[in-house]
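Student: Could we go through this structure together? I would like to begin with the smaller questions and work outwards.
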Amino acid sequence: MTDVLDPPLAAAPHEPDHGHEEHHGPTGILKWMTSTDHKVIGMSYTITSVIMLMIGGIFAEIIRAQLTTPNNSLVSLAQYNELFTMHGSVMIYLFMGPFAFGALANIIVPIQIGAPDMAFPRLNALSYWLYLTGSITMLSGFFVAGGAANFGWVAYAPLSNSINSPGAGADLWIGGLLLTGFSAIFTGVNLTATIFYLRAPGMTMFRMPIFTWNLLITAILILLAFPVLTAGLIMLYCDRHFGTHIFSVAGGGVPVLWQNIFWFWGHPEVYILALPVFGMVTEIIAVFSRKPVFGYKGMVFATLTIGALSLGVWAHHMFTTGVVLLPFFSIMSLLIAVPTGIKMFNWIGTMWRGEVWFSTAMLMAVGFLFTFLVGGITGIYLASPPLDFFTHDTYFVVAHFHSVVMALVLGAMGALYYWGPKITGYLLNERIGKIQFWLLFLGTQVFTFPMYILGLRGMPRRIAIYPLHPGWKYLNDVASVGALMIGLSMVAFLVNIAYSWKKYPAGDNPWDGHTLEWFTTSPPPHHNFYRLPQIRSERPTWDYNHPGHQASAHGHLAEALIEKDSVS
Amino acid sequence: MKNEARVLVGLGTFFGLMCLVYWLWSKEQGGSVMMFAGMLLCFLPGSYYFWWSRRMRPRTEDDPNATQAQGAGVIGTFPGTSIWPFTLGMGAFFVVLALVFGIWFLVPGLGLVGWALFGGTAEGRRGGKH
């Protein structure tokens, strides 16, 4: 027996206040409205963002249905513009971002570091209300005269000015983004303060789980990037209503400035979406391979490097404007491949010779690896200006970022299967989960691969109708079949929730987890812990459950192999 | 506290170097200013943490050999349920709607914001309820 159990478990510092009795508070809608518990707020975030995923998904299905036939008239050209704008906006601003740093982060990060709550619980609640009202504001554009915003999710000037895009829909889009932007900033402040100040004794920075590390870098990136977007939106609003000419040539302004501001937020935003999912996937792969994370410090430094480089790559979205420094942004963008490659290597290293258990969560994580590799490598093509000039604003770009974001959806779904039992206390059905995985994974590939070819054959993005071009129609049909499969996978997810509703009690630690959240009950009590184990590595729960196996805490391959032999 | 400071100062230093290279190479103002501001945003809290890390005893969470018993005691006050974040959020909602539908939305908007600021502050003084 080792020093993990000696001295025996100490009571968590906050326990005497509450004892073991249940926490009494308001229930139902009043609980939703007044709770400052990070788990309740995180659950509100999760449900709201998954609803947004479904709404954005319905827009996507309509778009794909429109594109099955050349010169289709399912939706009008104006409606199509609204649909692809709101599809992108809902998915990026209202689903993936809040899901990544608001939903699971809110629930899991404080528990992973042994904290009783987020550092600023009421600010956390305010974040959720700003997110919800921002979502309502943006989506209410469909109910005003002139329809929702229709200038693409990037709102390029001068298309987004008051002459080219009049109407309340565009203003509602700006207003919704202001609200969700502040929501994100407050969440960033909250996460940083929580991770810096509320860790349990012994939880040093280099013992934090990778998920928490990634959320820390994400929170810092949020604080760097989102204020820029908010400032840009205020400028855009002033241009539209107060007669300023910041983005209009007529008044001496510079339209490309909007692109600079937007992408200075927009590219870090890609990592704000991706880094939390990298963290989720790291946790899943380590737990279901029954091994520590391979190259823990390498993972941390790779995340830090991605965070550092992310501020210097924004103009690779603007190569074709002709006014950006091509070599600088090309080099910086290509450099991002190095830390991402390290992560990819470490994920494979974690699985290597592990006892891999292909549960639904693990399948989703492996699906993430494949899909993200496709998206990442095509991203390297696009970082090269000659190739970007050829493929800019074609379906090749659309396919590239859909590979990336669908990989994130796979990772996010895996995280729901992995942490869902901790949050709710009940497992989801594995059989339906595997059906969902195969629909989602295969659907994603069937959906994106034809779009790569379409892009290379010259089909521009954001067109509602296209000529009967040989070789365009059937590729679009295949892509639409893929989109339908992805839609069915989401139906399977909802069916699974309904079917498994309170059916399979999970217990506290169904997966033999590594990190502190698996030490407490499922669902965790008010203020999270009745007791805490001694923290002597980055996987305290595993150390507690497997005394005598801490030697490989930092994942050297040789040690991991020895450990595997002694376990089996 | 040292590693926290290192993360922020390290990121800020990298942003500063990148900003310098970018400015000297491209002479483009917008991006250079944003990168420079990014550097400052990292240095501001980072240097504060660094300053503190040299003046305070290591906290239990910085000590690799700390036991849970060392962390016993009150670690902070956490508010109970509160309606004020909701009120403030709804106030902000109406303020934003004023941007779109007309200035009169500011009346309920600022009213709710003011009420929430007052109520939330008073609640903070009382410490909230569970």
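Tutor: A term comes first: helices and strands here are DSSP runs, a helix having at least four residues and a strand at least two, and they are numbered from the N terminus. Please also keep in mind that this is a predicted model.

Student: Fine. In what order do the elements of chain B run from the N terminus on?
Tutor: The order in chain B is α-α-α-α. The count is 4 helices and 0 strands.

Student: What radius of gyration does chain B have, set against a compact globule of 130 residues?
Tutor: Chain B has 22 Å, whereas a compact globule of that many residues would have a value near 14 Å. Along the principal axes, the C-alpha atoms of chain B fill a box of roughly 55 × 50 × 20 Å.

Student: And how much of chain B is buried?
Tutor: Buried residues account for 36% of the 130 residues in chain B. As for contacts in chain B between residues at least 6 apart in sequence, 59% of them join residues at least 24 apart.

Student: Now the contact between the chains. How many residues does each of chain A and chain B give?
Tutor: Chain B contributes 49 residues and chain A contributes 52 residues. On the side of chain B that touches chain A, the elements giving two or more residues are helix 1 (2-26), helix 2 (29-53) and helix 3 (84-101) of chain B.

Student: What is the make-up of that side of chain B?
Tutor: The residues of chain B that touch chain A comprise 28 nonpolar, 16 polar and 5 charged.

Student: Switching to chain A: at what angle do helix 6 and helix 7 of chain A pack?
Tutor: Helix 6 (residues 168-197) and helix 7 (residues 210-241) of chain A pack at about 150°, and their axes are 8 Å apart. Angles over 145 degrees count as roughly antiparallel, so helix 6 and helix 7 of chain A are roughly antiparallel to each other.

Student: Is that crossing left-handed or right-handed, in the case of helix 6 and helix 7 of chain A?
Tutor: The crossing of helix 6 and helix 7 of chain A is left-handed. Their contact has 20 nonpolar and 6 polar residues, with no charged ones.

Student: One last residue, A:Thr541. Why does A:Thr541 count as buried?
Tutor: A:Thr541 counts as buried because it has 20 C-beta neighbours inside 10 Å. A:Thr541 is found in helix 16 (residues 540-545) of chain A.

Student: Which residues does A:Thr541 touch?
Tutor: Leaving aside residues up to four places away in sequence, A:Thr541 touches several residues, among them A:Asn509, A:His514, A:Trp518, A:Phe519 and A:Pro533.

Notes
Residues are numbered from 1 along each chain as its sequence is written. Chains are lettered from A and ligands numbered from 1 in the order in which they are written. This is a predicted model: local features need pLDDT of at least 70, side-chain atom pairs count only at pLDDT 80 or more; totals for chains, interfaces and linings use all residues. Two residues are in contact if their C-beta atoms, placed from the backbone, lie within 7 Å. Ala, Val, Leu, Ile, Met, Phe, Trp, Tyr, Cys and Pro count as nonpolar, Asp, Glu, Lys and Arg as charged, and the others, Gly among them, as polar. Axes are lines fitted to C-alpha atoms, for helices over the stretch in contact, and angles run from 0 to 180 degrees between N-to-C directions. Angles under 35 degrees count as roughly parallel, over 145 as roughly antiparallel, 65 to 115 as roughly perpendicular and the rest as oblique. A crossing is left-handed if the near helix is turned anticlockwise from the far one by less than a right angle, and right-handed if clockwise. A residue is buried if 20 or more other C-beta atoms lie within 10 Å of its own, exposed if 12 or fewer, and partly exposed in between; C-beta atoms are placed from the backbone. The radius of gyration is taken over C-alpha atoms; the globule rule is 2.2 Å times the number of residues to the power 0.38.
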